[in-house]
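Trainee: I am new to this structure and would like to look closely at a single part of it. Could you take me through one strand and the sheet around it?

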Amino acid sequence: MWEAFSGHFTNMDGKTIQRVKGQKASPMHRKEVLSALCFITPLVIGIGVFYFYAFYKNLYYSFTDLGVFGEPNFIGLKNYKTLLSDERFFRGLLNTLKYVLVAVPGIVGLAVISAVVLNGKIKGATFFRTLLFIPAVTLPSAISLLWRWLYNGEYGIFNVILTKGLGLPAVGWLTDTNLSLYSIAAVMIWSMTSTQMILVLAGLKGIPGVYYEAAEIDGAGKFQMFRHITLPLLSPTLFFVVVVTIINVFQTFDYIFMMLTKEALTMQYSMSLVYYFYRKAFIEFDRGYAATVSMALFVIVITITVLQMRLQKKWVHYD
Amino acid sequence: MKRKMMWLLVTVLMVASFAGCGKEDVKEVTTVASTEEKETEAAQVAPRDNVVLTLGIWDTNQEAALQETLDAFNAMHPDIEAVIELTPWDNYWTKLDAAAMAGLTTDVFWMNIYMPKYVNGGVLKALDGYIEKDAVDMSAYVEDVTAIYNFKGEQWGMPKGVDAITVLYNKAIFDKYGVAYPAEDWTYEDMVAIATELKAKIDEAGGDEYALGMSPYSQDGYFNYIFQNGGEIISEDGMTSGFNQEGNQEAFRKMIHLYETGLSAPYEVLANYDTNASALFASGKIAMSYVGSWMMPVLENSPLSADGNFGIVEMPSQNGTRTSVMNGLAYCMSSQTKHPDEAWELIKFLTGEEGNKIQGVAGIDIPALTSAQHYYGEAYKNLEVAPIFSAIETGRRYPTGETVARWSPVMEDYVARMLGGAISVEEGCAAIFEEMQGIIDSAK
């Protein structure tokens with residue numbers, strides 16, 4: 001899968017069908033490409049309507065004053081000018097960056113560690129794999145509800161254990177403005193690690209065992225093996241996991257929406273850009289501006305992703 | 001041959017997937033009928049049904065009683081069939097907006113304080129003509145609720161219900177600590193004194209109850225304090241923000257004092273989904289709490305109520321006044337309806353004596369029709385509802401305006417900062433005034 005990231009396309013025989021420019025396509029080749037296109041047409045139309053058309057419509061709206069209803073009027077760059085001096089937008093951006101800086105290393109790190117552990121010959125590996133995968137198949141809203149109760153200042157189990165069990169003062173997990181963002185980031189890590197762990201596990205399985213055997217013969221320790229064999233050969237998978245996780249965390253919304261009320265002070269210290277978009281579009285009905293916010297988020301995410309793709313050549317080893 | 005079969009399969013799959021797509025789109029666009037509606041349609045197979053009216057609502061708790069009302073209406077009008085179309089609150093406004101643009105709204109629908117934007121968008125049909133033609137006595141309804149739905153000199157909605165704020169108290173806690181119940185004509189100072197006594201006794205006994213639940217939300221919290229301290233949220237004509245008034249600052253100062261002295265449960269606790277004032281009160285953790293009358297159906301069924309430990313009293317007066325904020329829903333008619341006369345008949349029935357009797361008896365909403373309000377009182381065994389009606393008499397309507405959807409979140413932002421201690425009351429009110437006035441001005 002990660003090979004697709006580097007622009008290699010393979011047909012079913014495993015041969016790349018990227019042709020040399022100028023070479024005339026054989027009729028057999030043309031037929032193959034044509035039938036491939038036909039198979040993916042329904043999907044392409046779906047994506048075309050719900051992604052591309054929607055995207056360009058949204059881009060258009062960002063230049064209008066689309067509000068409640070009625071026809072949107074074109075107002076040029078006015079929304080973007082407002083955006084540049086919008087304190088709440090930058091607050092949301094700062095919060096989102098914090099989420100990325102905290103949650104992404106957490107998710108990727110935990111995914112790698114748990115995958116490495118599960119890859120080893122330990123008893124009940126399959127059982128633990130299933131257990132650790134459960135967050136991946138649970139709805140984010142269900143996870144948020146559960147954690148909201150765990151974190152509850154008065155009756156949540158964390159504080160009950162702290163105060164009644166250990167005699168420590170209660171912690172304002174979701175009510176302390178310095179802490180709430182990190183509490184929610186912890187929930188994100190808990191819930192998003194599983195999917196990435198499975199991907200890393202698959203990547204680990206793809207590393208031929210002979211390397212490890214050879215290293216063992218040469219007297220390498222476990223950590224050296226990890227650093228010099230596992231990491232480089234895992235790097236395509238890791239790259240994919242990092243890129244996808246960054247994109248996902250930039251778009252985080254459900255956890256924040258479910259765990260904090262809009263009247264809570266901590267919401268202002270924890271709201272993400274997508275939450276701000278939601279507030280503008282569905283609470284304030286200021287949809288033109290909401291489109292602008294979403295476009296800003298798009299630009300940020302795509303810049304970071306493109307940057308990562310460029311650095312791919314430096315970071316990732318493909319064989 | 002194999003290749004031809006593949007092509008055939010692909011074509012069939014494509015056609016099937018598009019057909020499936022189409023059906024799904026149609027499903028999403030057409031009305032979501034309740035199961036009762038299907039039963040009603042099956043039961044009333046009168047061949048003369050030639051007008052179908054749709055009623056848009058959002059509250060599942062009220063659906064059964066409203067269906068009963070529609071059944072009665074349909075029985076009275078053999079040539080009309082009214083059905084409910086319920087859209088959950090989270091999607092109601094989005095769907096209404098989308099439907100308005102597409103010309104597919106229901107004939108009649110619930111409306112709240114967001115009404116001005118719909119009037120400006122041309123979505124509603126003014127009802128003055130019908131009111132006059134049928135000589136409907138508008139003074140029979142709670143005046144402040146009627147006023148909410150009067151905009152730019154025309155009446156756009158018929159009042160459905162009214163909700164008011166009172167103080168509920170937990171007799172069991174009062175008895176446990178030996179404190180006297182609140183008196184009917186108590187003042188804010190009385191409340192502070194009672195709460196102080198309670199808190200002292202609770203602390204002494206090592207209990208974990210709170211004396212007071214001062215809600216940090218607008219309707220059951222600070223709007224009332226603002227009114228009672230001579231402040232304003234927005235001017236009568238909706239053109240000026242009221243947050244430059246001293247009364248507003250005083251209101252917040254009083255609330256913060258309650259939080260800081262520990263008389264009330266802390267702001268952070270009450271600003272939570274799970275531990276808001278009503279929830280904590282219902283679980284017996286708060287001795288006195290400001291609660292909205294919309295919580296009555298929930299509280300009626302709580303253990304607190306079954307044990308007869310429910311006390312209810314009007315809010316304590318501040319500066320000699322108990323003015324509280326009132327709100328109420330209304331029935332509006334779509335400007336796009338093909339059957340305005342029939343839609344008016346439905347609205348008239350729903351807001352008339354019969355419709356209000358059904359909703360009052362079911363206890364789903366306090367009728368805005370004053371003569372029908374006594375039915376609501378009969379619906380509640382464990383609750384004394386008289387204080388709610390007293391609050392309605394002295395209440396003022398929920399502040400609204402054309403841009404309410406835009407300045408409400410701004411106001412809530414700064415209120416959160418004030419109550420949470422991040423900024424001073426002076427700074428907060430000044431900031432609200434500046435931004436709110438800016439929003440109001442930009443819409444002119």
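Mentor: Let us take strand β2 of chain B, keeping in mind that this is a predicted model. β2(B) is mostly covered, since 7 of its 7 residues count as buried, that is, each has under 20% relative accessible area. In a regular strand the side chains alternate between the two faces of the sheet. For β2(B) both faces are covered: Ile80(B), Ala82(B), Ile84(B) and Leu86(B) are buried on one side, and Glu81(B), Val83(B) and Glu85(B) are buried on the other.

We can now place this strand among its neighbours. It belongs to an open sheet of 5 strands in chain B, whose order is β2-β1-β3-β13-β6 and whose pairing is mixed. β2 (80-86) and β6 (157-159) of chain B stand at the edges, and because each has a single partner strand, one side of each is left without a neighbour in the sheet. From one strand to the next, the twist averages 25°.

Strands of a sheet pair through backbone hydrogen bonds, either parallel or antiparallel. The partner of β2(B) is β1(B), to which it is joined by 7 bridges, and these two strands run parallel. Within this pair, Ile57(B) stands opposite Leu86(B) of β2(B).

At the other edge, β6(B) is joined by 3 bridges to strand β13 (residues 330-333) of chain B, and here the two strands run antiparallel. One of the places to look is Gly157(B), whose bridge partner in β13(B) is Cys332(B).

Two helices can then be added to the picture. Helix α3 (residues 60-76) of chain B packs on the sheet, where it touches β1 (51-57), β2, β3 (108-111) and β13 of chain B, and its direction makes about 175° with that of β2(B). Helix α16 (residues 340-350) of chain B also packs on the sheet, touching β1, β2, β3, β6 and β13 of chain B, while its direction makes about 175° with that of β13(B).

If you return to β2(B) with this in view, you can see a strand at an edge of the sheet, with a single partner strand, that is nevertheless buried along 7 of its 7 residues, and that is touched by both helix α3(B) and helix α16(B).

Note on methods. Residues numbered from 1 in each chain as written. Chains lettered and ligands numbered in written order. Predicted model: local features only at pLDDT ≥ 70, side-chain atom pairs only at ≥ 80, totals over all residues. Heavy atoms only, no water. Pairing = 2+ DSSP bridges. Helix = DSSP H or I, 4+ residues; strand = E, 2+ residues; numbered from the N terminus. Axes fitted to C-alpha atoms, helices over the stretch in contact; angles between N-to-C directions. Contact = heavy atoms within 4.5 Å. Buried < 20%, exposed > 50% of the residue type's maximum accessible area, 1.4 Å probe, protein only.
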